[in-house]
Amino acid sequence: MKNKTALITRGAVIAALYILLSLVSRVFNLDSGVIQVRISEALCILPCFTPSAIWGLFAGCLLYNILTGAVIWDVIFGSIATLIGGYFTYLLRKKPILAILPPILSNTLIIPFVLSFAYNIEGAIWYFMLTVGLGEVISCGVLGLTLYAQLSKHRSIWEKS
């Protein structure tokens, strides 16, 4: 029971951190649109440390999109992109360089269609893939790997409970 409680608690904390860091990105108008660099996407590396991060990231993205008034298609497909990325990051957890690829790819492939069809933003899908992909490389890749390097120094914290 203690382990299940710890997993749920970790997931909830990760969801709260995702929302908080997304709000920080929102202050700088980087949380949505054609060019987006959500600082919270750095947390997409966390499934390398705990499976509870998969659901925490999904819940955080879902709640953030709801709280900030995203259209229903963004709430659904943006959250699914995060869920897919988190799940495959967990599967690749032994190889962190590869583990950052699933959230980058899932967002790069899904979010441009949301921008085009749900928000009716004019522009080519390939251009949206380029801009969203670049933002994901910055947030998941650069910031995510930096976070991974720091958290790896304290791996025992994740293994307790």
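User: What makes the span of α2 close to the one expected for a helix of its number of residues?

Analyst: In this predicted model, α2 has 16 residues and reaches 22 Å from its first C-alpha to its last. The expected span is 1.5 Å times one less than the number of residues, and for α2 that expectation is also given as 22 Å. The name α2 itself rests on DSSP, since helices are runs of H or I with at least four residues and strands are runs of E with at least two, numbered from the N terminus. Just after α2, G69 takes a positive phi of about 80°.

User: How far should I trust the model, and what is the mean pLDDT of the protein chain?

Analyst: The mean pLDDT (the predictor's confidence in each residue, from 0 to 100) is 93, and 96% of the residues reach 70 or more. Among the elements, α3 has the highest mean, at 98, whereas helix α7 (residues 155-159) has the lowest, at 70. Because this is a predicted model, local features need pLDDT of at least 70 and side-chain atom pairs count only at pLDDT 80 or more, while totals for chains, interfaces and linings use all residues. Residues are numbered from 1 along each chain as its sequence is written, and side-chain values use heavy atoms, with hydrogens and water left out.

User: Why is D31 called buried, and which residues does D31 touch?

Analyst: Buried means under 20% relative accessible area, exposed means over 50%, and partly exposed lies in between (1.4 Å probe, protein chains only). At 4% relative accessibility, D31 falls under the limit and therefore counts as buried, although D31 lies in the loop between α1 and α2. Leaving aside residues up to four places away in sequence, D31 is in contact (heavy atoms within 4.5 Å) with S22, S25, R26, Q36, R38 and Y64.

User: What makes the pairing of D31 with Y64 a polar contact?

Analyst: A polar contact is a pair of N or O atoms within 3.5 Å; within protein, one must be able to donate a hydrogen and the other to accept it, and residues adjacent in sequence count only if both atoms are side-chain atoms. The side chains of D31 and Y64 are 2.5 Å apart, so the pair lies within that limit. Y64 is itself one of the buried residues of α2.

User: Why are N29 and N120 called exposed, and what is notable about their phi angles?

Analyst: N29 has a relative accessible area of 61% and N120 has 59%, so both are over the limit for exposed. N29 has a positive phi of about 55° although it is not a glycine, and N120, also a residue other than glycine, has a positive phi near 55°. N29 is found in the loop between α1 (2-27) and α2 (52-67), while N120 is in the loop between α5 (101-118) and α6.

User: How do you know that the buried residues of α3 lie on the same side?

Analyst: The buried residues of α3 are D74, V75, G78, S79, A81, T82, G85, G86 and T89. They cover an arc of only 150° around the axis, which puts them on the same side of α3; the arc is that of the directions from the helix axis to the C-beta atoms. I72 and W73, on the other side of α3, are exposed.

User: Why do T131 and S106 count as buried, and what do their side chains reach?

Analyst: T131 has 12% relative accessibility and S106 has 7%, so both count as buried. In helix α6 (residues 125-152), the side chain of T131 reaches the backbone oxygen of F128 at 3.2 Å. In helix α5, the side chain of S106 reaches the backbone oxygen of P103 at 3.4 Å. Not counting residues up to four places away in sequence, T131 touches V34 and I35, and S106 touches A81, I84, G85 and I111.

User: What makes a group of residues a nonpolar core, and which residues touch the most other members of the largest one?

Analyst: A nonpolar core is a set of buried Ala, Val, Leu, Ile, Met, Phe, Trp, Tyr and Cys residues joined through side-chain atoms within 4.5 Å. Of the 17 residues in the largest nonpolar core, I45, L46, C48, F49 and L57 touch the most other members. The elements giving two or more residues to this core are α1, α2 and α6. A second, separate core of five residues includes V34, I111, L115 and F128.
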